[in-house]
Amino acid sequence: MVEKSTKSFILRVDADTMNAIEAWAADEFRSTNGQLQWIITEALRKAKRLPRKTSQKNE
């Protein structure tokens, strides 16, 4: 099984933006952290900034 590594970092967000993210997360049944990860991933995907996934054969 392949494990994804994650990195932690501190993000400062103004109160109005955070309230909007929290409400959006609740609407999507996600955690606030999960919503932020989704937002960032979608922005990277749309900008074609995500690395290509390499397919691995089962050995």
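Just after helix α2, Lys-48 takes a positive phi of about 55°. Helices here are DSSP runs of H or I with at least four residues, numbered from the N terminus. This is a predicted model, with local features needing pLDDT of at least 70 and side-chain atom pairs counting only at pLDDT 80 or more, while totals for chains, interfaces and linings use all residues. Residues are numbered from 1 along each chain as its sequence is written, and side-chain values use heavy atoms, leaving out hydrogens and water.

Let's look at α2 itself. The helix has 15 residues and reaches 21 Å from its first C-alpha to its last, close to the 21 Å expected at 1.5 Å a residue (1.5 Å times one less than the number of residues).

Two residues of α2 make a handy pair. Buried means under 20% relative accessible area, exposed over 50%, and partly exposed in between (1.4 Å probe, protein chains only).

| Residue | Relative accessibility | Class |
|---|---|---|
| Gln-35 | 0% | buried |
| Ile-40 | 42% | partly exposed |

Gly-34, Leu-36 and Glu-42 are among the other buried residues of α2, and what covers the buried residues includes α1 (15-27). Leaving aside residues up to four places away in sequence, Gln-35 touches Ile-21, Trp-24, Ala-25, Glu-28 and Arg-30 (contact is heavy atoms within 4.5 Å).

On the surface, Ile-40 joins Phe-9, Leu-11, Leu-44 and Leu-50 in a nonpolar patch, with about 470 Å² of accessible area together. Areas come from the Shrake-Rupley method with a 1.4 Å probe, and for residues only the protein chains shown count as cover. Patches are made of residues with over 30% relative accessible area and no salt bridge, with like charges joined within 9 Å and nonpolar side chains (Val, Leu, Ile, Met, Phe, Trp, Tyr) within 5 Å. A salt bridge is a side-chain nitrogen of Lys or Arg within 4 Å of a carboxyl oxygen of Asp or Glu.

Terms used
Helices (H or I, at least four residues) and strands (E, at least two) are DSSP runs, numbered from the N terminus.
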